[in-house]
Amino acid sequence: MPTYRDRAVVLRTYKLGEADRIISMLTRDHGKVRAVARGIRRTSSKFGGRLDPFNRVDIQLVVGRSLDVVAQVETLRSYSAPLRTNYSLFTAAEVMVETADHLVPIEKEPAPTQYRLLAGALRTLGEGTPDGPRPATMVLDSYLLRSLSVAGYAPDLDDCVKCGRAGARAGFSPSLGGVVCADCQPPGTPHPNPETIEYMGALLSGDWMATRTVAPVRVREAAGLVSAFVSWHMERGLRSLPLMDRQD
């Protein structure tokens, strides 16, 4: 039987029969893949905990008729255990893998940028940013903004998203996809502090140095805007997002 090797982030696992599991993963070169791990639920399994959600692995798969089969797996980064010991980190990771699952809907369709974003976000959750540790909600919002941008939903944080007026930031409209001027804002448009919009721009670009001294109130305000933006532009809501503690 033909085989192939890839690197992957484990998204979800599902029980199959008495001893097997279906492993859903986002791979570097083959997009989203579902594969069967035979005997993984037995204590004597050769896979151990290497295929737990959030882990990044090097995996060899055997091509199957409906589902591929896991032949070998090596751990590259094990984030399952450390993330599960902290509620904020765990729920942020849950939102991340669910987002990746939604944004890469077609199996075996390569999505290398989404893979790199997810792997990098989980690493940042577990190990901190290049500029030091950041709250889980901050890391999550950066990932959400960047992953949705790659998927074609980049928010406009500079000019009015409707008329194009330069520097017009009277409000932020999740439904329109960015900042709006006073003339274009729909009824009920939030009016965030200008510093919140600047902070969201830093999250979108991955400028962690610019987030060093952001006030907690700005972080919370941005989290609300990002949540509304994500809920509006994704076809299905994220079930794990309401579980996330957005107060840190």
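Here a trainee and a mentor talk through a predicted model and the contact between its two domains.

Trainee: What should I keep in mind about this model before we start?

Mentor: It is predicted, so local features need pLDDT of at least 70 and side-chain atom pairs count only at pLDDT 80 or more, while totals for chains, interfaces and linings use all residues. Residues are numbered from 1 along each chain as its sequence is written, and side-chain values use heavy atoms, with hydrogens and water left out.

Trainee: Where do domain 1 and domain 2 begin and end?

Mentor: Domain 1 covers 3-79 and domain 2 covers 86-243; such bounds come from an automatic or database domain assignment. Their C-alpha centres lie 29 Å apart.

Trainee: How many residues from each domain take part in the contact?

Mentor: Domain 1 gives 21 residues and domain 2 gives 23 residues, with contact meaning heavy atoms within 4.5 Å.

Trainee: What area do domain 1 and domain 2 bury between them?

Mentor: About 1,900 Å², with 61% of it on carbon and sulfur atoms. Buried area is the accessible area (1.4 Å probe) that two parts lose on being put together, summed over both. On the side of domain 1, Arg12, Lys32 and Phe54 lose the most area to domain 2, together 36% of what that side buries.

Trainee: Why is the pair Asp68 and Lys108 called a salt bridge?

Mentor: The rule asks for a side-chain nitrogen of Lys or Arg within 4 Å of a carboxyl oxygen of Asp or Glu. Asp68 and Lys108 have N to O at 3.0 Å, so the pair meets that rule. Between domain 1 and domain 2 the count is 5 salt bridges, and the structure holds 16.

Trainee: What makes Asp58 and Arg5 a salt bridge?

Mentor: Their closest N and O atoms are 2.6 Å apart, and the cut-off is 4 Å, so the pair qualifies. Asp58 sits in strand β4 and Arg5 in strand β1, 53 residues apart, so this pair links distant parts of the chain, strands being DSSP runs (E, at least two residues) numbered from the N terminus.

Trainee: How do you know that β1 and β4 pair?

Mentor: Two strands pair if DSSP finds at least two bridges between them. β1 and β4 (residues 56-62) have 7 bridges in the antiparallel sense, so they pair. Arg5 stands opposite Gln60 in β4.

Trainee: What makes β1 and β2 a pair?

Mentor: They share 8 bridges, also set against at least two, so the rule is met, again in the antiparallel sense. Val10 stands opposite Met25 in β2. In their hairpin, with 3 residues between the strands, Gly17 takes a positive phi near 65 degrees.

Methods: Helix = DSSP H or I, 4+ residues; strand = E, 2+ residues; numbered from the N terminus.
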